[in-house]
Amino acid sequence: MNAPLDSTAVWDALRGIPDPEFGINIVDLGLIYSVECHDGAVAVTMTLTTPSCPSGGWIYEGAKQAVANLPGATKVDVAMVFDPPWSPAMLSEAANRQLGRID
């Protein structure tokens, strides 16, 4: 029997999705705004660096599929929002380092 699905597993799965332009996972890029889990139903709220991101469809489908593949996921809802808009302030420390923004 598998342990119940929790938000930690979802965040970890989303870290496996790299942004193809930057090569940084979508969590460290700050594209994931929230994750909620309840009895196997998962709701993810995410954004893109810009609404016209050419990789947006690929990133969205990758996030949705990564969560759907988790043991115990019974329903997956991924909402794409642009308010608040993404900004570089949302980058994690690891992403800032990878992009050479900090040492």
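Okay, let's start in a loop: D39 sits between strand 1 (32–38) and strand 2 (41–46). Helices and strands here are DSSP runs numbered from the N terminus, with H or I of at least four residues for a helix and E of at least two for a strand. D39 has a phi near 50°, a positive value in a residue that isn't glycine. D39 is also exposed, at 70% relative accessible area. For that term, exposed is over 50%, buried is under 20%, and partly exposed is in between, with a 1.4 Å probe and protein chains only.

Quick note on what we're looking at: this is a predicted model, where local features need pLDDT of at least 70, side-chain atom pairs count only at pLDDT 80 or more, and totals for chains, interfaces and linings use all residues. Residues are numbered from 1 along each chain as its sequence is written, and side-chain values use heavy atoms, with hydrogens and water left out.

Now the fold. We've got three helices and three strands, and from the N terminus they run α-β-β-α-β-α. The radius of gyration is 14 Å, close to the 13 Å from the globule rule for 103 residues, so the chain is as compact as a globular protein of that length. That radius is over C-alpha atoms, and the rule is 2.2 Å times the number of residues to the power 0.38. The C-alpha atoms fill a box of roughly 45 × 30 × 20 Å along the principal axes.

As for the inside, 38% of the 103 residues count as buried. Take contacts, meaning heavy atoms within 4.5 Å, with a separation of 6 or more: residues 24 or more positions apart account for 60% of those.

On to the salt bridges. How many does the structure hold? Two, counting a side-chain nitrogen of Lys or Arg within 4 Å of a carboxyl oxygen of Asp or Glu. One pairs D12 with R15, closest N and O atoms 3.1 Å apart. Both ends are partly exposed: D12 at 46% relative accessibility, R15 at 39%. The other joins R97 to E93, at 2.8 Å between the closest N and O atoms. Those two are four residues apart in helix 3 (residues 93–98), so about one helical turn separates them. R97 is partly exposed too, at 42%.

Last thing, have a look at the peptide bond from D83 to P84: it's cis, with omega near 10°. P84 lies in the loop between strand 3 (75–80) and helix 3.
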